[in-house]
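The following exercises concern a predicted model. Each task is followed by a solution that proceeds step by step.

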Amino acid sequence: MPEDTPIIEIRNLDKFFGAFQALTDVSLTVHIGEKVVICGPSGSGKSTLIRCVNRLEEHSGGHLIVDGIELNDHTRNIRAVRMEVGMVFQQFNLFPHLTVLENLTVGPIRVRKIPKAEAISRARKYLDRVHIPEQADKYPAQLSGGQQQRVAIARSLCMEPRIMLFDEPTSALDPEMINEVLDVMTELAESGMTMICVTHEMGFANKVADKMVFMEDGKIVEIAPPSIFFTKPKNPRCQAFLDQILEH
Amino acid sequence: MSRHTTTDRPASQPGSTEQMVRQARKLLKSTPMAVLIYLGIMYLILYGCLAGAEAMGYNWQWYRMPDYLFRITDDGFQWGEISIGLVKTIQLSTLSFVLALVIGLIVALLRLSGLVVGTAVAIVFLEFVRNMPLLVLLYIFYYIIGAIFDLDRYSASILCLAVFHAALVSEILRAAINAISVGQWEAARSIGMSTLQCYRYIILPQSIKFMLPPMTGEVVHMVKSSAIVSVIAVAELTTIGRNLISDTYMSFEIWFTIAAVYMVVTLMLSVFVTFMERRYAVTT
Ligand SMILES: Nc1ncnc2c1ncn2[C@@H]1O[C@H](COP(=O)(O)OP(=O)(O)O)[C@@H](O)[C@H]1O
Ligand SMILES: [Mg+2]
């Protein structure tokens, strides 16, 4: 069960791209160990919201407190937060010029400044966790999509973050590779990691989520535990979206 | 290519005119044919020169040329003037190019920094250098900046060449850096890297393969444009050529030789970089 200590507090968040408002008055609290799954139609602001959490986007208004640190213009804060927040992208974004092992050690060595030998043994540990210990010396281009995404998850884990963000981690994968990634994510959830996942994999969501969030037009229109969210959501738009997705 | 699709294929039976035209084209594009054409053109040019020289009664003294490359005397082996000039040219170009890389990288990073002041400084620099003939820039460095800061002609030359090429180098670097996808930045940032760390460990190593081809062009360009410092009498290949001619009056032999030496150097550079490109292509 999640503890009751908030680790991410999003209060009245606004985000503008020029004149376009991508997020409007978004509030959400995530507690330690909690798993939040965000869904909603394309363009509803899901990516923008989680990218604000590690400040790949700067929010325009409201407050955002991550692990006790308020995100603002002080670079030191931002880097401190990013070390605690891992992020997995739809397009993997592995470093193509580095081997799998180097992808995993470059952060710990250069950013965390831990000794190389320790970084390597840590990297091997997390490669085991994502079930590809044998791929350590390959380059990303030599791996399948599912393997690349698992390497990307391991790369984040090597920084030993307290929070993991996933932005549609299985959307770019061939269908037969989706489960190997979801399995790794499920195991991670069971280990007690705090997670925010943007995904339309509703089976996974139903299994691991403590809290479901539905977004539309830059607003959160529904927050509910999965038992309620999947059976009787209050918002009719949310119901329509679920009907549409569960058809497939 | 796309025009030769299935629709016009039935028309081209073996032996048809179209087929013959196509074969003729293919033959013209083949390597042996290219070499033949090249040799033919070179023959015409050389023949023209020699016939012209003949007509003006030029006295060829090619037999004296090897001495200016190297001599073996009673004291043993000695490099000739042209070889010494080549070494000077290589030194001058190397120093200038290293400095150009440093200045070019700074200008490129300023331009990419997103800071208003940084971008402004970079753009003023680029526009100043790009709109200035190299010869005028050299005079500015030698007669003005050199006079103010008490620079000798060699340092003024290096600075001038470095600044001139830094503008071009910075554009090459900028294009190569921009060729890396924004996802690489985001991944590097999301594991906590600073901007400097992103460049050093993630972005620049990947940019190298985009830089190599245009950078070779720049090195070749540098070797060639270094000849201009002969106008302020800095000792290098071209200056030495001029001096030799005023001593010996063998202008045809010496300019031909100097041209050949420049070509050998720049061709070798191209071969070297092709090799480097292959190596980098494998590891990335
Ligand atoms: N960098 C940007 N510049 C301008 N508009 C953007 C930018 N990023 C996202 N948007 C816009 O913000 C809205 C929300 O985008 P996003 O958060 O990516 O949606 P989602 O992830 O839910 O599909 C979209 O309308 C998108 O076009
Ligand atoms: Mg998105």
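**Exercise 1. Aromatic pairs**

Task: State how many aromatic pairs the structure holds over all chains, and classify the pair Phe214(A) and Phe241(A).

Solution. Over all chains, the predicted model contains 7 aromatic pairs. For Phe214(A) and Phe241(A), the ring centres lie 5.2 Å apart and the planes meet at 50°. Planes under 30 degrees apart count as stacked and those over 60 as edge-to-face; the angle of 50° therefore makes this pair tilted. The next step is to place the two rings in the fold. Phe214(A) belongs to strand E9 (residues 211-216) of chain A, and Phe241(A) to helix H9 (residues 236-247) of chain A, so the pair ties together parts that are 27 residues apart in sequence. Finally, Phe214(A) is buried, with a relative accessible area of 0%, and Phe241(A) is likewise buried, at 10% relative accessibility.

Task: Determine whether the pair Tyr43(B) and Tyr47(B) is stacked or edge-to-face, and whether Tyr43(B) is buried or exposed.

Solution. The centre-to-centre distance of Tyr43(B) and Tyr47(B) is 6.0 Å, with 25° between the planes, and the pair is stacked. Both residues lie in helix H2 (residues 31-55) of chain B; being 4 residues apart there, they are separated by about one helical turn. Tyr43(B) counts as exposed at 54% relative accessibility, and Tyr47(B) is exposed too, at 51%.

Task: Name the residues that ring pairs link into a cluster in chain B.

Solution. The cluster consists of Tyr139(B), Tyr142(B) and Tyr143(B).

**Exercise 2. Surroundings of two buried residues**

Task: Locate Met202(A) and list the residues that Met202(A) touches, not counting residues up to four places away in sequence.

Solution. Met202(A) is part of helix H7 (residues 202-208) of chain A. Its relative accessibility is 6%, so Met202(A) counts as buried. Leaving out residues up to four places away in sequence, Met202(A) touches Cys39(A), Met212(A), Phe230(A), Leu242(A), Ile245(A) and Leu246(A). One of these, Cys39(A), is 163 residues from Met202(A) along the chain, while their C-alpha atoms are separated by 9.1 Å.

Task: Repeat the analysis for Ser190(B), and state which residues Ser190(B) touches.

Solution. Ser190(B) lies in helix H8 (residues 182-190) of chain B. With 4% relative accessibility, Ser190(B) counts as buried. Apart from residues up to four places away in sequence, Ser190(B) is in contact with Asn54(A), Arg82(A), Val85(A), Met87(A) and Phe89(A).

**Exercise 3. Positive phi angles**

Task: Compare the settings of Asp25(A) and Phe92(A), which have a positive phi without being glycine.

Solution. Most residues other than glycine have a negative phi. Asp25(A) has a phi of about 50°, and Phe92(A) one of about 65°. Asp25(A) is in strand E2 (residues 20-31) of chain A, whereas Phe92(A) is in the loop between strand E6 (85-88) and helix H3 (100-110) of chain A. As to accessibility, Asp25(A) counts as partly exposed at 47%, while Phe92(A) counts as buried at 10%.

**Exercise 4. The overall form of each chain**

Task: Decide from the radius of gyration how chain A relates to the globule rule.

Solution. The secondary structure of chain A comprises 9 helices and 10 strands. The radius of gyration is 18 Å, close to the 18 Å given by the globule rule for 248 residues, so chain A is as compact as a globular protein of that length. Its C-alpha trace spans about 50 × 45 × 35 Å along the principal axes, and buried residues make up 56% of the 248 residues in chain A.

Task: Carry out the corresponding assessment for chain B.

Solution. Chain B has 11 helices and 2 strands, arranged along the sequence as α-α-α-β-β-α-α-α-α-α-α-α-α. The radius of gyration of chain B is 25 Å, well over the 19 Å that the globule rule gives for 284 residues, so chain B is more spread out than a compact globule. The C-alpha trace of chain B spans about 75 × 75 × 40 Å along its principal axes. Buried residues make up 36% of the 284 residues in chain B. The accessible surface of chain B is about 16,900 Å², with 69% belonging to carbon and sulfur atoms.

Key. Residues numbered from 1 in each chain as written. Chains lettered and ligands numbered in written order. Predicted model: local features only at pLDDT ≥ 70, side-chain atom pairs only at ≥ 80, totals over all residues. Heavy atoms only, no water. Rg over C-alpha atoms; globule rule 2.2 N^0.38 Å. Buried < 20%, exposed > 50% of the residue type's maximum accessible area, 1.4 Å probe, protein only. Areas by Shrake-Rupley, 256 points an atom, 1.4 Å probe, with all protein chains shown as cover. Contact = heavy atoms within 4.5 Å. Phe/Tyr/Trp six-rings, centres within 6.5 Å; stacked < 30°, edge-to-face > 60°.
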